[in-house]
Amino acid sequence: MLNVTKLNVWFGHGRDRVDAVKSVDLTVEKGESFGLVGESGSGKSTILRAITGLAPHWSGAMVIDGSKIVGTSRDRVFFRKVQMVFQDPYASLHPRHTVDQVLSETLYLHGITDIESNILRLLDNVGLTARFRFRYPHQLSGGQRQRVAIARALAGRPDMLLLDEPTSALDVSVQAEILNLLTDLRNERHLTYIMVSHNLAVVAHMCDRVAVMRHGEIVELIKVDQLRLGHAHHPYVKELLESTYG
Amino acid sequence: MLSVKNLWVKFPTNKGLFDAVRGISFSLGRERLGIVGESGSGKSMTGRAILRLIRPPGFIMAEYVKFGEDNLIDLDESKMRSIRGRRISMVMQDPKFSLNPVMTIGAQIIEAYRQHNDVPKRVAYQKAIEMLDAVLIRDTERVLRAYPHEVSGGMGQRIMIAMMLIPNPDILIADEPTSALDVSVQKQVMSILDGLVTRRGMGLILISHDLNLVSQFCDRVLIMYAGRIVEVCDAGALHQARHPYTQGLLNSLPRLTEKTRHLSVLQRDPAWAQPDSVTS
Ligand SMILES: Nc1ncnc2c1ncn2[C@@H]1O[C@H](COP(=O)(O)OP(=O)(O)OP(=O)(O)O)[C@@H](O)[C@H]1O
Ligand SMILES: Nc1ncnc2c1ncn2[C@@H]1O[C@H](COP(=O)(O)OP(=O)(O)OP(=O)(O)O)[C@@H](O)[C@H]1O
Ligand SMILES: [Mg+2]
Ligand SMILES: [Mg+2]
């Protein structure tokens with residue numbers, strides 16, 4: 001489904017240059033759920049942003065579903081296949097658009113006609129009642145905003161979801177509901193996920209394989225079964241495991 | 001230090017008044033008080049109400065919110081401003097949203113520092129570097145030159161925490177301050193806050209959905225549901241909490257050692273929303 005080779009992403013120049021992603025190789029199979037973990041600032045979000053065309057400077061090769069991605073513009077065909085849920089739900093929702101506007105616009109752009117029933121279904125999917133339909137982002141709690149962002153990503157029925165900390169703003173009960181929803185959707189629609197999370201237990205629950213990043217590089221690629229047994233090699237991963245077990 | 005009695009937060013909606021916080025009472029000493037509860041249960045509104053930061057048309061009602069001699073509920077706005085951000089600081093849930101998008105991080109930290117300390121720029125700059133070092137940010141000099149959109153989610157959270165500690169507040173209200181941080185960085189940040197509570201006697205209200213964090217780090221925990229406090233317990237005893245809602249929250253955590261297809265989800269009982277708040 002996704003093939004990334006020798007991906008480099010950088011920002012700025014001179015003394016402000018940041019090499020946020022360095023020579024990263026990734027292969028994610030169709031229907032797989034792939035996890036990205038790593039220190040804060042290690043480049044996890046940047047990889048997802050590069051895939052969706054939000055990183056201005058990159059080199060290397062990215063192939064999605066057999067077609068090569070170039071530059072930073074992504075066409076409609078791309079966004080029918082790939083959707084992203086951003087880390088920061090406040091920034092990704094337009095402050096003056098209601099939930100209803102956000103969802104109906106997205107459905108319309110994807111050429112979906114039966115907007116009314118789809119909005120209600122999407123809200124239901126993410127555990128929001130119709131009471132929230134005409135609210136603005138500032139009238140929602142942090143977790144409710146994130147659920148709207150997930151509903152928007154699901155609207156166009158994509159094949160692949162790039163999930164950047166999709167549940168880190170959510171309480172554990174809503175997290176459980178959203179993770180169950182993502183599990184069911186993946187089974188029903190054979191979706192492919194790349195999921196960024198700082199929470200090892202969440203990644204282990206959702207993913208088959210996990211890449212661990214540090215300073216822009218992937219330092220370990222590990223199967224979740226191994227992770228559960230505590231069989232990690234890299235010191236950073238070991239430390240994470242230890243702190244997670246408490 | 002802080003004592004809250006019968007606090008309500010209400011929002012007019014087209015279907016009548018919506019009560020986001022419904023008559024809660026609690027007090028805070030020189031301690032670490034956790035507030036947990038599901039999304040929408042009123043945690044952030046409780047924190048914001050203490051500082052009277054509820055946006056109109058929303059409004060607050062309370063018998064009192066006592067802070068030392070003052071009742072924050074009827075303090076005039078200019079007095080309130082001298083408390084807000086100086087004696088009581090709040091780290092907001094969306095950290096980058098509270099930073100000024102068109103000012104570099106360094107300029108913002110230096111300005112905040114010099115508002116509270118009469119020092120030349122150069123000294124404030126050194127302080128800024130130390131503060132970012134303390135929260136484990138690398139390339140501090142580069143980050144000081146960056147704009148808020150140029151730092152990662154977890155970096156933004158740590159910058160906000162550093163900034164809110166500048167005025168040496170008596171009380172810090174931290175709303176999901178570490179939700180984007182992995183456990184190891186989280187520990188470091190929490191140990192800084194811990195030091196301020198134990199050494200300087202700061203009071204801390206930690207709003208978080210991370211039950212493990214709260215149980216490890218806090219002294220007491222308030223558990224909120226539908227705008228009310230349904231249970232209060234010692235943080236260490238959180239895992240033995242008795243309320244079915246609290247147990248439900250604990251059961252919905254994924255565990256690294258167990259493989260399940262579905263996580264257990266809360267079966268909400270309307271009766272949970274009925275009784276009066278537990279007082280603490
Ligand atoms: N637009 C930008 N301009 C300059 N630097 C940037 C920009 N976006 C990201 N960076 C830098 O790239 C590095 C990687 O950031 P990224 O957001 O990918 O981290 P992350 O792994 O997602 O971290 P977190 O877990 O904290 O969200 C950071 O040092 C960050 O400051
Ligand atoms: N301006 C508003 N108008 C109407 N309702 C509002 C408004 N702002 C917030 N609310 C509602 O108040 C309730 C409490 O919100 P609050 O932000 O305190 O939740 P929270 O417990 O912090 O949740 P989260 O964990 O998701 O951040 C929510 O149901 C929210 O939808
Ligand atoms: Mg990120
Ligand atoms: Mg909140």
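**Exercise 1. Determine how many residues of chain B are in contact with chain A in this predicted model, and describe the side of chain B that is involved.**

Solution.
Step 1. Two residues count as being in contact if their C-beta atoms, placed from the backbone, lie within 7 Å. By this criterion, 42 residues of chain B are in contact with 39 residues of chain A.

Step 2. Next, the contributing helices are identified. On the side of chain B that touches chain A, at least two residues each are supplied by α3 (95-98), α6 (140-145), α7 (153-165), α8 (183-200) and α10 (244-251) of chain B. The largest share, four residues, comes from α8(B).

Step 3. Finally, the residues on this side of chain B are sorted by character: 14 are nonpolar, 16 polar and 12 charged.

**Exercise 2. State the order of the strands in the open sheet of chain A, and explain why one side of β2 and of β5 is left without a neighbour in the sheet.**

Solution.
Step 1. The open sheet consists of four strands in the order β2-β1-β4-β5 (chain A), with antiparallel pairing.

Step 2. In chain A, β2 (18-28) and β5 (67-69) stand at the edges and have a single partner strand each, so one side of each lacks a neighbour in the sheet.

Step 3. From one strand to the next, the twist averages 20°.

**Exercise 3. Describe how β1 of chain A is joined to β4 of chain A, and identify which strands helix α1 of chain A touches.**

Solution.
Step 1. Strands β1 (residues 2-11) and β4 (residues 58-64) of chain A run antiparallel and are joined by six bridges. In this arrangement, A:Asn3 is found opposite A:Val63 in β4(A).

Step 2. Helix α1 (residues 44-51) of chain A packs on the sheet and touches β1, β2 and β4 of chain A. The direction of α1 makes about 70° with that of β2(A).

Terms used:
Residues numbered from 1 in each chain as written. Chains lettered and ligands numbered in written order. Predicted model: local features only at pLDDT ≥ 70, side-chain atom pairs only at ≥ 80, totals over all residues. Pairing = 2+ DSSP bridges. Axes fitted to C-alpha atoms, helices over the stretch in contact; angles between N-to-C directions. Nonpolar A, V, L, I, M, F, W, Y, C, P; charged D, E, K, R; others polar.
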